[in-house]
Amino acid sequence: LNNTKIADGGAGHLAKALAQNESLVILNLANTLIGDKGAKYLASGLKRNRSLVRLSLHESAVGNVGAKYLVEALKWNQSLTRLFLSMKQIGMDELRECQESLERN
């Protein structure tokens with residue numbers, strides 16, 4: 001789904017699917033219109049997902065606020081080992097916390 005015009009509303013639908021999915025391991029949402037609201041939706045789905053190991057959101061519209069939602073979701077998610085965000089999207093504190101959570105997984 002990378003390089004598409006999927007936005008926050010579409011991320012909401014994906015989050016519902018992520019919460020129930022047991023087989024998807026990679027989700028590429030790079031170069032999309034997903035922003036902080038969409039990241040919040042995705043974070044809610046990630047909290048219950050147990051299969052996804054890689055999520056790409058680099059070059060999307062996710063900002064520092066959205067990155068915080070995703071980092072928070074990593075406290076519950078134990079399968080995700082790679083989260084791709086652009087450096088312009090995430091602050092250093094969030095980056096450190098994200099790295100620690102991913103290393104635990």
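**View 1. A nonpolar surface patch made of V25, I26 and V53.** Together these three residues expose about 210 Å² of accessible area, a quantity obtained by the Shrake-Rupley method with a 1.4 Å probe, with only the protein chains shown counting as cover for residues. Patch members have over 30% relative accessible area and no salt bridge, with nonpolar side chains (Val, Leu, Ile, Met, Phe, Trp, Tyr) joined within 5 Å and like charges within 9 Å; a salt bridge is a side-chain nitrogen of Lys or Arg within 4 Å of a carboxyl oxygen of Asp or Glu. V25 is found in the loop between α1 (8-20) and β1 (26-28), and it counts as partly exposed because its relative accessibility is 40%, where buried means under 20%, exposed over 50% and partly exposed in between (1.4 Å probe, protein chains only). The model is predicted, so local features need pLDDT of at least 70 and side-chain atom pairs count only at pLDDT 80 or more, while totals for chains, interfaces and linings use all residues. Residues are numbered from 1 along each chain as its sequence is written, and side-chain values use heavy atoms, with hydrogens and water left out.

**View 2. The packing of helix α1 against helix α2.** Helices (H or I, at least four residues) and strands (E, at least two) are DSSP runs numbered from the N terminus. The axes of α1 and α2 come within 7 Å and cross at roughly 0°, which means that α1 is roughly parallel to α2; axes are lines fitted to C-alpha atoms, for helices over the stretch in contact, with angles running from 0 to 180 degrees between N-to-C directions, and angles under 35 degrees count as roughly parallel, over 145 as roughly antiparallel, 65 to 115 as roughly perpendicular and the rest as oblique. Among the α1 residues that meet α2 are L14 and L18, and the α2 side includes Y41 and L42, where contact means heavy atoms within 4.5 Å.

**View 3. The packing of helix α2 (residues 36-48) against helix α3 (residues 64-73).** The two axes lie 8 Å apart at an angle of about 5°, so α2 is roughly parallel to α3. The meeting residues include L42, A43 and L46 in α2, and V65, Y69 and L70 in α3.

**View 4. The loop residues S51 and N77 with their surroundings.** S51, in the loop between α2 and β2 (54-56), is buried, with a relative accessible area of 11%; leaving aside residues up to four places away in sequence, S51 touches N21, E22, S23, L24, V25 and S79. N77 lies in the loop between α3 and β3 (82-84) and counts as buried at 1% relative accessibility. With the same sequence exclusion, N77 touches L46, K47, N49, R50 and N105.
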